[in-house]
Amino acid sequence: MNEKLFTVRLSQDEKAVEILDQTLLPNTIKYLRLEKAEDIYEAIFKLRVRGAPAIGVAAGFGMYVLAQQIPDEDYDVMLSCMERAGAYLNSSRPTAVNLSFAVKRMLKVVYDHTGLIKPELLPLLRVECMAIYNEDRAMCRAISENGLTLVKSGDGILTHCNAGALAATEYGTGLGTLLLGKELGYEFKVYSDETRPLLQGARLTSFELDHAGIDVTLVCDNAASLLMKQGKINTCFVGCDRVAANGDTANKIGTRSVAINAKYHGIPFYVFCPSSTIDFGCKSGDDIVIEERNGDEIKQLFFEKPSAPDGVKCFNPAFDVTDAELITAIITERGIARYPYTESLAKLFLR
């Protein structure tokens with residue numbers, strides 16, 4: 001069995017965030033040591049660490065690492081520096097709610113302990129960032145177990161983007177059921193959408209599943225509908241970057257097309273979602289800010305020469321929003337929610 005990879009962790013000396021550089025996969029496995037705010041920002045923005053849960057864990061560790069570097073021990077200085085660091089890291093990826101969720105948790109530690117000086121705050125910040133990490137591990141396991149109740153050995157499963165252990169800390173969300181199932185003796189036939197333009201399905205999902213010994217076939221994004229018509233797909237698994245209170249879900253661009261195709265062919269479309277990704281303050285998908293990225297990712301990234309004329313304009317949204325009505329169920333660590341999600345999600349998470 002291949003060596004188990006890790007996505008993000010606190011360094012042994014606790015002075016840096018260590019990540020697997022996912023921009024180099026599948027050809028190179030390289031870990032990076034991030035000590036400066038600019039390095040952590042760049043790693044999140046450039047998708048060296050990516051996936052909503054993993055970004056949140058990286059931000060939690062990052063806030064703790066940066067807190068150690070604040071030169072003054074005074075509480076007010078600590079608060080001011082931490083707020084600036086949090087705002088800076090938050091600006092790296094505005095759509096993934098886990099990022100702001102983790103930053104808010106780290107800042108809350110400071111807000112809740114007014115007057116403490118740096119040596120008193122640092123142990124509390126360490127506890128909080130480790131809690132974010134350990135909660136993510138437990139969450140991944142619970143989501144994966146819940147997902148196993150929806151599939152059987154031998155199923156054909158379509159994935160889009162990457163929502164496995166590379167997107168979290170262990171097992172992941174959308175791929176967690178497959179990885180856990182493999183450990184328990186399940187056999188799946190997985191079709192992995194390449195996921196243009198950043199090719200997370202090709203570079204990451206296909207790599208991760210193959211690394212785990214799972215039967216995976218890489219397909220172009222526009223092959224999904226044909227596979228469904230041929231009866232090769234029993235269900236669709238995707239992760240998410242933000243879920244609105246009504247169940248509208250933001251995920252990698254192309255997810256909505258998969259959901260529409262699945263609906264037409266009568267195939268279940270499942271969203272795997274940690275509680276930290278549900279934004280109850282966001283009423284619907286209309287309120288989700290969609291990140292737009294540089295058009296060169298479409299024309300030049302992964303190509304030896306540009307694939308389109310220099311002057312051609314590009315529209316490169318990182319995400320789209322899948323309407324709640326298209327989603328068969330949302331699988332969370334607390335249970336499985338079904339439409340209408342305004343009621344089922346609230347029942348699971350709101351007291």
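The following legends describe close-up views of a predicted model.

**View 1. The three-stranded sheet, an open arrangement with the order β1-β2-β3.**
The pairing throughout this sheet is antiparallel, and its edge strands are β1 (8-10) and β3 (31-34), each of which pairs on one side only. Taken on average and with direction ignored, neighbouring strands of the three-stranded sheet are turned by 25° against each other. Strand β2, made up of residues 17-20, is joined to β1 by three bridges, and these two strands run antiparallel. Within this pair, Val8 has Ile19 of β2 as its bridge partner.

**View 2. The seven-stranded sheet, an open arrangement with mixed pairing.**
The strands follow the order β6-β5-β4-β7-β10-β13-β14, and the edges are taken by β6 (215-219) and β14 (335-337), each of which has a single partner strand, so that one side of each is left without a neighbour in the sheet. Between neighbouring strands of the seven-stranded sheet the turn is 25° on average, with direction ignored. In a regular strand the side chains point alternately to the two faces of the sheet.

**View 3. Two parallel strand pairs, β4 with β5 and β10 with β13.**
Strand β4 (residues 156-159) is joined to β5 by four bridges, and the two run parallel; here Ile157 stands opposite Val190 in β5. Strand β5, which spans residues 189-193, is mostly covered, since four of its five residues are buried. In the other pair, strand β10 (residues 269-272) runs parallel to strand β13 (residues 329-332), and three bridges join them. The bridge partner of Phe272 in β13 is Ile331.

**View 4. The largest cavity, which holds about 210 Å³ of space.**
The structure holds two cavities of 30 Å³ or more, and this view is centred on the largest one, where 23 residues form the lining and Arg50, Gly51, Ala52, Asn162 and Asp241 are the closest to the centre. Two elements, α2 (52-68) and β9 (249-252), give two or more residues to this lining, and the largest share, three residues, comes from α2. Sorted by class, the lining of the largest cavity has 11 nonpolar, eight polar and four charged residues. Empty space of this kind is shown by rolling a probe the size of a water molecule over the atoms.

**View 5. The second largest cavity, with a volume of about 40 Å³.**
Its lining is made up of Pro197, Leu198, Lys252, Ile253, Arg293, Glu297, Asn316, Pro317 and Ala318. These lining residues divide into five nonpolar, one polar and three charged.

**View 6. The second largest pocket, with a volume of about 230 Å³.**
This pocket is lined by 14 residues, and those that lie nearest its centre are Phe101, Arg105, Glu135, Ser275 and Ser276. The elements α2, α4 (97-111) and α5 (118-148) give two or more residues to the lining of this pocket, with α5 giving the most, four residues. By class, the lining of the second largest pocket divides into six nonpolar, four polar and four charged residues.

**View 7. Cys273 and Cys240, two cysteines without a bond between their sulfurs.**
The structure holds zero disulfides. Cys81, for example, is in no disulfide, and the nearest cysteine sulfur, that of Cys129, is 18 Å away. For Cys273 the closest cysteine sulfur belongs to Cys240 at 3.9 Å, which is too far for a bond because a disulfide requires two cysteine sulfur atoms within 2.5 Å. The relative accessible area of Cys273 is 0%, so this residue falls under the 20% limit and counts as buried.

**View 8. Cys282 in the loop between β11 (278-279) and α10 (296-299).**
Although Cys282 lies in a loop, this cysteine counts as buried because its relative accessibility of 4% is under the 20% limit. Asp248 lies 34 residues apart from Cys282 along the chain, and the C-alpha atoms of these two residues are separated by 9.7 Å.

Key:
Residues are numbered from 1 along each chain as its sequence is written. This is a predicted model: local features need pLDDT of at least 70, side-chain atom pairs count only at pLDDT 80 or more; totals for chains, interfaces and linings use all residues. Side-chain values use heavy atoms; hydrogens and water are left out. Buried means under 20% relative accessible area, exposed over 50%, partly exposed in between (1.4 Å probe, protein chains only). On a 1 Å grid over the protein atoms alone, a cavity is a set of points where a 1.4 Å probe fits but cannot get out, and a pocket is an open set with protein on both sides within 12 Å along at least five of seven lines; lining residues have an atom within 4 Å of a point. Grid points are joined across faces, edges and corners, and a volume is the space filled by probe spheres set on the points. Ala, Val, Leu, Ile, Met, Phe, Trp, Tyr, Cys and Pro count as nonpolar, Asp, Glu, Lys and Arg as charged, and the others, Gly among them, as polar. Two strands pair if DSSP finds at least two bridges between them. Axes are lines fitted to C-alpha atoms, for helices over the stretch in contact, and angles run from 0 to 180 degrees between N-to-C directions.
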